[in-house]
Each structure stands twice: as structure tokens, then as C-alpha cells.
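Hello,

Here is the structure we talked about passing on. Please open it first, then read my notes below.

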Amino acid sequence: MTLYKFFLLLHSGFRHIAMVLILMAILQSLVGWFGKKAYTEGNRKINLFALISAHTQLLIGLVLYFISPFVVFAKGTMHDAQARYWTVEHISMMIFAIVLITIGHSKSKKETLPESKHRTIAIFYTLALIVVVVAIMQSKRAFFGMSN
Ligand code: HEM
Ligand code: HEM
């Protein structure tokens, strides 16, 4: 297995963990927000783990960016849908999503009312997940599978 294949597999597999954690954070924040529940230690941990998994995915993605044959800096990149997607669109959309998660997490952390903490996570993480899902749909790769 090449180093490239290793990181591709890692990045591709880890996205499932990241997306499940983000989804769990969204669901529990919606329950907390609309159910007017307290902000528990369990809530805090899932929200933090979702943030950490997003940052880890960013780190793996950055490594992959410099070794992937799909990332090409050439004159024709912008005219080739596949090269453009992996060189420009994927990284932009995913970093935007991760920034939303990071801002949401830090904003929620600073708030004091349980309702505000839940609401901020619900809004920012949901927006981020939508961006991630749209980005994966545009990649023309399998949503759940992994390339080999
Ligand atoms: C390219 C790599 C990364 C970048 C650019 C990055 C960026 C950031 C930024 C800007 C914050 C600030 C959030 C705030 O102000 O509240 C942050 C927080 C954090 N990051 Fe990352 N990060 C990276 C990788 C990682 C990795 C690999 C991990 C863990 C495995 C990680 C875990 C965390 C944690 C735990 C926090 C603090 C959350 C809190 O406020 O409690 N990050 N990161
Ligand atoms: C939440 C964040 C992210 C998710 C969910 C995600 C998801 C994915 C998926 C599903 C693939 C296709 C894997 C396959 O075909 O098996 C992929 C590939 C890739 N991603 Fe990401 N990604 C994220 C963030 C990033 C970031 C921030 C970067 C760059 C800094 C990046 C760079 C890449 C590269 C270079 C490829 C490889 C294309 C190839 O060689 O086939 N990703 N990502």
C-alpha cells in the first residue's frame, strides 16, 4: 500500500466517524434546545468529540492534498471538473464546514444559558453537516463507500 492509499483510506474511513459524531451532536442539541433540557457533561463531550474529529479530518485532508494525484496545479485545472473539484472545491467547502463547527463550538462554550448552548450547536453543526453532505455529493464518489 502506498502512502497515498493509506491516507486516502484513513480520510475516507474517518469521515464516517466524524459525520456520525456531528449527527449525534445535532440530535442531542435539538432534544436539549426544544426539550428545554440542561446542558450536561455528556452533551459537552459529544460536542467536543465532534469538533476534534472534524479537526482531525482536516489534518488528514491536508496531508492528502499534497499527495493526491487528483490535486493538480496546472493551466487546465479550472476547466477539468474533476481536477477543479479536488484542487479547489472540496478543500474550500470542507474547511468552511469545519470553521462553522469550530465557531459554533466556541460560541456555545462561552454561552451560559443551557438553551443558548444547545441552540448554537444545533444551528452551526447543522449548517456544517449540510455543507459536508453537499460537498460529498458533488465529488461523484460513493456516499458511504471508499475508493480503492
Ligand atoms: C490543521 C489542523 C488544525 C487546525 C488549523 C486547527 C484549528 C483550531 C482552531 C482555530 C481552534 C480554536 C477554537 C476556539 O477558539 O475555540 C481549535 C481548537 C481545538 N482543536 Fe484544532 N485544529 C487543527 C487540528 C486539530 C487536531 C488534529 C485536534 C485533535 C486531535 C484538534 C483539537 C482541538 C481542540 C480539542 C480544540 C479546543 C476545543 C475547545 O475549545 O475546547 N485540532 N483548533
Ligand atoms: C469534514 C471534512 C471532510 C470530509 C467529510 C471529507 C470527505 C472526503 C471524501 C468522502 C473523500 C473521498 C474518499 C474516497 O473516494 O474514498 C475525500 C477525499 C479527499 N479529501 Fe476530503 N473530506 C473532508 C475534508 C477535507 C479537507 C479539509 C481537505 C484538504 C485540506 C480534504 C482533501 C481531500 C483530498 C485531497 C481527497 C482525495 C482525492 C483523491 O485523491 O481521491 N478533505 N474527502
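**What I found**

Between residues 46 and 67 the chain is 91% helix and 0% strand, with its end C-alpha atoms 32 Å apart. Residues 87-106 are 100% helix and 0% strand, and there the end C-alpha atoms are 29 Å apart. Both stretches come from a UniProt record. Its unreviewed entry lists residues 13-34, 46-67, 87-106 and 118-138 under "transmembrane region".

Please keep in mind that this is a predicted model.

**Overall layout**

The protein has 4 helices and 0 strands. Along the sequence the pattern reads α-α-α-α. The C-alpha trace spans about 50 × 30 × 25 Å along its principal axes. The protein has 148 residues, and 41% of them count as buried.

**Ligand 1**

Start with the iron atom. Which protein residue acts as its donor? The single donor from the protein is H55, through ND1, at 2.0 Å from the iron atom of ligand 1. H55 sits in helix α2, which covers residues 41-65. The side chain of H55 also has an N or O atom 2.9 Å from a nitrogen atom of ligand 1.

The surroundings of ligand 1 are L48, L51, I52, H55, T56, L58, L59, L62, T102, H105, S106 and K109. Two elements give two or more residues to this shell: α2 and α3 (81-110). The most come from α2, which gives 8 residues. By type, the shell holds 6 nonpolar, 5 polar and 1 charged residue. K109 makes a contact of its own: an N or O atom of its side chain is 2.8 Å from an oxygen atom of ligand 1.

**Ligand 2**

Here the iron atom has H11 (NE2) and H90 (NE2) as its protein donors, lying 2.0 Å from it. These two link distant parts of the chain. H11 is in helix α1 (residues 3-34), H90 is in helix α3, and they are 79 residues apart. Are H11 and H90 buried or exposed? H11 is buried, and H90 is buried too.

What is the geometry at the iron atom of ligand 2? The site is octahedral, with angles of 84 to 179° among its 6 donor atoms. For reference, six octahedral donors have ideal angles of 90 or 180 degrees.

Ligand 2 is surrounded by 23 residues, and the closest are Y4, H11, S68, H90 and S147. Three side chains are worth picking out on screen. Y4 places a polar side-chain atom 2.5 Å from an oxygen atom of ligand 2. In H11, a side-chain N or O atom is 2.7 Å from a nitrogen atom of ligand 2. R141 has a side-chain N or O atom 2.6 Å from an oxygen atom of ligand 2.

**One more residue**

Q28 is found in helix α1. Is Q28 buried or exposed? Q28 counts as buried because its relative accessible area is 19%, and the cut-off for buried is under 20%. Q28 and F144 are 116 residues apart along the chain, and their C-alpha atoms are separated by 23 Å.

**Where to look**

To retrace this, begin at H55 in helix α2. Then go to H11 and H90, the protein donors of the iron atom of ligand 2. Finish at Q28 in helix α1.

Best wishes

How values were computed:
Residues numbered from 1 in each chain as written. Chains lettered and ligands numbered in written order. Predicted model: local features only at pLDDT ≥ 70, side-chain atom pairs only at ≥ 80, totals over all residues. Heavy atoms only, no water. Donors = N, O, S within 2.8 Å, 3.2 Å for Na, K, Ca; no water. Near = heavy atom within 4 Å. Polar contact = N/O pair within 3.5 Å; in protein donor to acceptor, adjacent residues only side chain to side chain. Nonpolar A, V, L, I, M, F, W, Y, C, P; charged D, E, K, R; others polar. Tetrahedral: all angles 85-135°; square planar, octahedral: opposite > 155°, others 65-115°. Buried < 20%, exposed > 50% of the residue type's maximum accessible area, 1.4 Å probe, protein only. UniProt positions renumbered as here; feature names shortened; annotations may be inferred.
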